[in-house]
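Welcome to this tour! Open your viewer, keep the sequence panel handy, and follow along one selection at a time.

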Amino acid sequence: MKNNFRKVSFIFVVVFFALIVVAVFFNLEMKRSLEDNIVYRLENEIHNAANEVSEYLFSMTELTRQMSFEEDFINIIKSAETVEDVQSFYKYKHVLQRLDDINASASHLNLVWIGIKDANLLVTSNHDIRITSDYVFEERPWYIDMEAKGDLTYTRPYFDYFTEDKIITIAIPLYEENEVIGAFGIDIEVWYLESLLNLGDFENTSNLGLILDKDITYYNEVAQDRIENENFSEEVRFLWNEIITKELGVIDLAEYGIDEFLAFSSLSVSDYRVVGVREKKATENQLTLLNNMTIAVVVAVLIGFAFLIYTIRVKKSNVSLAAVNKRLEENERELYRTNLEMEAAHQQLAASEAQLQAQYDDIKVYTNQLETIKAQFEMAVEFTSTTVWELNYDTSEVNLLLGAYTLRNMDVEIPKDPIGIISLMFDKESVDNLVEALEACKQGLTDTIFSQAKYKDQEKWALVRGKTVDQEGTGKKILRGVILDITEIKKHQAQIETQANTDFLTGLPNRRMFDKVLNERLFMGKSGAVLLMDLDNFKEINDTLGHAYGDEVLKAISKQLKYTDFRDQEVFRFGGDEFLFIIDYETNEEIDHFTNKVLDFFRKPIKVGREEVQVKFSIGVSKFPQDGSSVNILLRNTDLAMYAVKEEGKDNYKMFDKSLLDRIQIRSDIEKTIRQALDNNGFKLVYQPQVESISGEVKGYEALIRLKNNKYYPDQFIEVAETTGLIIDIGRYVIKDVIKYLSKLKVMGIEMPIAVNISPKQLGDKSLGDYLKRLLKEYEVDPKYIDFEITESLLVENVDEVLNFLKYLKSIGIKMSLDDFGTGYSSISYLTFLPIDKLKLDKSIIERFIEQKREEVLKNIIEMAHNFDFEVVAEGVETKDQFKLLRDMSCDFIQGYYFSKPVEQIEKQVIQYKL
């Protein structure tokens, strides 16, 4: 017994020292774990605070970028000169309201504004803001930061010029030709950013949350005392390089003499940092508590071990009692296991009974559903006159399962064989098709039948469908199917086909039917011709009398084509005001005869309601197969021939020939040449003098565009530019080159107006006015030296819109001349409201009146222009007689080869011609 006691005592001493060693290591590990936990929580808290601020700044950034794309804001920067100017114009009211709405969207916004550099002002809906003389646009903190960065920027905190509140600014510049002309910005109050710093445990355990830059600028006012502590500031400045190179981190400041942790996190939208500091005091308190707990545990273990020694001495006396107790416990566990097994068996029996009941209920529901479906199916078969049948391949007998109403109504004995049944029901062609399909199924070539069949001696149709299936339980094959009445479906299909091939307005066959008919003729190798008829000047009918009346005209024409001399020909409506003929022919003379017949017929007025209307056509003709072997090629060729007629005066016809394709190639080459010239500075301007008829002095010039390589004449490439829309780019090129040249002449001491031709297409250039105004300002050219020459064709469409644009040009000082007077749509009424300064007489009208000895008419035109207070310019004057005649008629200016061809440079000296 003594030896056992000594062994236990020895073990007690060893355990005591082991516990002390374990306690020491445990204490160290727990200290590291606590510090790691604090670091982890610090990182999470500081990261969450940074995310709050980042999300807010990101939303404000997107709002600023959105402002920079709003056209109304951009227009203010480009045109307004004072804040009062902006606030007084009615057209800017919605812009100021928009600024006010943005400003009111969040109470924490100090100001939403638009900056205009040249005017040195800010535009905002706040009318109380007034800029004093010491406000300098380019010295504002946001402008300095924005210009340095060249893009959107976030400023450091500064005191607002107007409210003296502490703010930061998000600003984005607006550039024009690589120069800042203005900016859009949002001012944010710093206190709101401070409120976004969710400091978490920092509020309970330690100091502060800061947003810093390299100068230790702070946002959290609570941190003022802390930040003013020189030691702390110096340490943070020392650590700044480490802070700005990482996205997130925690720094132990112990080695810098500060018993704290410093946590930091970057913002996703700027170079700001959120910084938090926590003292280590809380960690030390927790470690003291841990030490006390460790000592308590060691003491408890020692006491327990002593109690263990005591229990060893009485253990032997309790061995037999423990054995008995153990036996009883084993018996109790065995009994408990038996009870569990019996309970599980009972539950399993109960579950099986419930499952059988559920299966019975499902079978009952399924049986009811089958009965319902069967009844519905029988009703559907009855209502649709459907027959359900089954063919036994072995016996070749047909079993009619359901329906068969059509057969029963025949009052005859229904045969059993399939051929007998279908012969009784359908016509011969349908029977032949069905017999062939049944034989294919029987031989295994296919397993389905899908055939439409026509009832015998009736305008009724059926769909016969069937599929080979396994006979239930026998492994044999049977053919099971239905006969479905589809008479109504066939009627609807016929109606749809008719509608698809017929023009809704005129009732004529449409383009789809034309393609089908022509393709059939081409496939069969037939010869013929396609005529494309385009109604001349139909647009004028729509514009003057309305589209509804235009539709009535088209219907009247279609009626003539369907019911008169052309009713035996195949005629189609192509679309719009175009019609198509497909005719058979043997010779070109036959085509000529028919086409002239069409033209002559429509040269007589046609009845439209109670009125008679005169219509005329331009017709293009292409022959097949000579001119094309496909529908698209033939249509292209007729279209080319028709447009050639339009160009040559309309109301005629033309047959296609390959020279028309050459014209397309030439136009394509001209378009390519224009594009290359625009991209590679391939144009040049020449200037033709305008000479005063009395003094002989040059009073101005007209700018004329030429290709440098002289590949095409102006009348060739200008026409292509008009049709392709390239005239807009050419127009801008000419305007800019003329303004630059006027600026150069001004330096040389020459101030002479230059006329520029404006095409009707250029009115589609909605920003032309702003473009012109910007160029005049950039090159410091007085607008009175620009003379825009327009034609009356500008007024054919959108008269009000065009007139407003011309008045706008006039309001900024541009001179205006009416060019080509007497050649096109000349109307004296135009002269009463057009804002023009000069009237230009076209060369053709001058020559016509002189040749016809009607000089008095020409003189009357000049006198009329003078009565309207217009100056008159005569173009294309080439002879001395023409000049003297026009001078005697008091024509103000002469332009033409008689004085000078167009020159490439305007001379410095004043030019004067001998008269």
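**The whole chain**

Start with everything shown. In the protein chain, 60% of the contacts with a separation of 6 or more are between residues 24 or more positions apart. Keep in mind that this is a predicted model. Color by secondary structure, and you can look for 29 helices and 30 strands. Of the 915 residues in the protein chain, 41% count as buried. Now switch on a surface: the protein chain exposes about 52000 Å², and carbon and sulfur atoms supply 52% of that area.

**Stop one: a five-stranded sheet**

Hide the surface and find the open sheet whose five strands follow the order β17-β18-β16-β21-β22. The pairing here is mixed. Select 570-575 for β17 and 653-655 for β22 to see the edge strands, each of which pairs on one side only. Look along the sheet and you can follow its twist, which averages 20 degrees from one strand to the next.

Next, add residues 578-583, which make up β18. β17 and β18 run antiparallel, and five bridges join them. Show the side chain of F572, and you will find L580 of β18 standing opposite.

Now select 547-563, helix α18. This helix lies across β16 (528-535), β17, β18 and β21 (617-624), and α18 runs at about 10 degrees to β18.

**Stop two: two crossing helices**

Select 631-647 for α20 and 659-679 for α21. How far apart are their axes, and at what angle do the helices pack? The axes are 10 Å apart, and the angle is about 80 degrees. Angles of 65 to 115 degrees count as roughly perpendicular, so α20 is roughly perpendicular to α21.

Turn on side chains where the two helices meet. From α20, show R636, N637, L640, A641, A644 and E647; from α21, show L660, L661, R663 and I664. Sorted by class, this contact has six nonpolar, one polar and three charged residues.

**Stop three: one isoleucine**

Finally, select 786-790, strand β26, and pick out I790. Is I790 buried or exposed? Its relative accessibility is 3%, so I790 counts as buried.

What surrounds I790? Leaving aside residues up to four places away in sequence, I790 touches I758, L806, M816, S817, L818, D819 and I836. Try a distance check on one of these neighbors: I836 is 46 residues from I790 along the chain, while their C-alpha atoms are separated by 9.2 Å.

Key: Residues are numbered from 1 along each chain as its sequence is written. This is a predicted model: local features need pLDDT of at least 70, side-chain atom pairs count only at pLDDT 80 or more; totals for chains, interfaces and linings use all residues. Side-chain values use heavy atoms; hydrogens and water are left out. Axes are lines fitted to C-alpha atoms, for helices over the stretch in contact, and angles run from 0 to 180 degrees between N-to-C directions. Helices (H or I, at least four residues) and strands (E, at least two) are DSSP runs, numbered from the N terminus. Angles under 35 degrees count as roughly parallel, over 145 as roughly antiparallel, 65 to 115 as roughly perpendicular and the rest as oblique. Contact means heavy atoms within 4.5 Å. Ala, Val, Leu, Ile, Met, Phe, Trp, Tyr, Cys and Pro count as nonpolar, Asp, Glu, Lys and Arg as charged, and the others, Gly among them, as polar. Two strands pair if DSSP finds at least two bridges between them. Buried means under 20% relative accessible area, exposed over 50%, partly exposed in between (1.4 Å probe, protein chains only). Accessible areas come from the Shrake-Rupley method with a 1.4 Å probe; for residues, only the protein chains shown count as cover.
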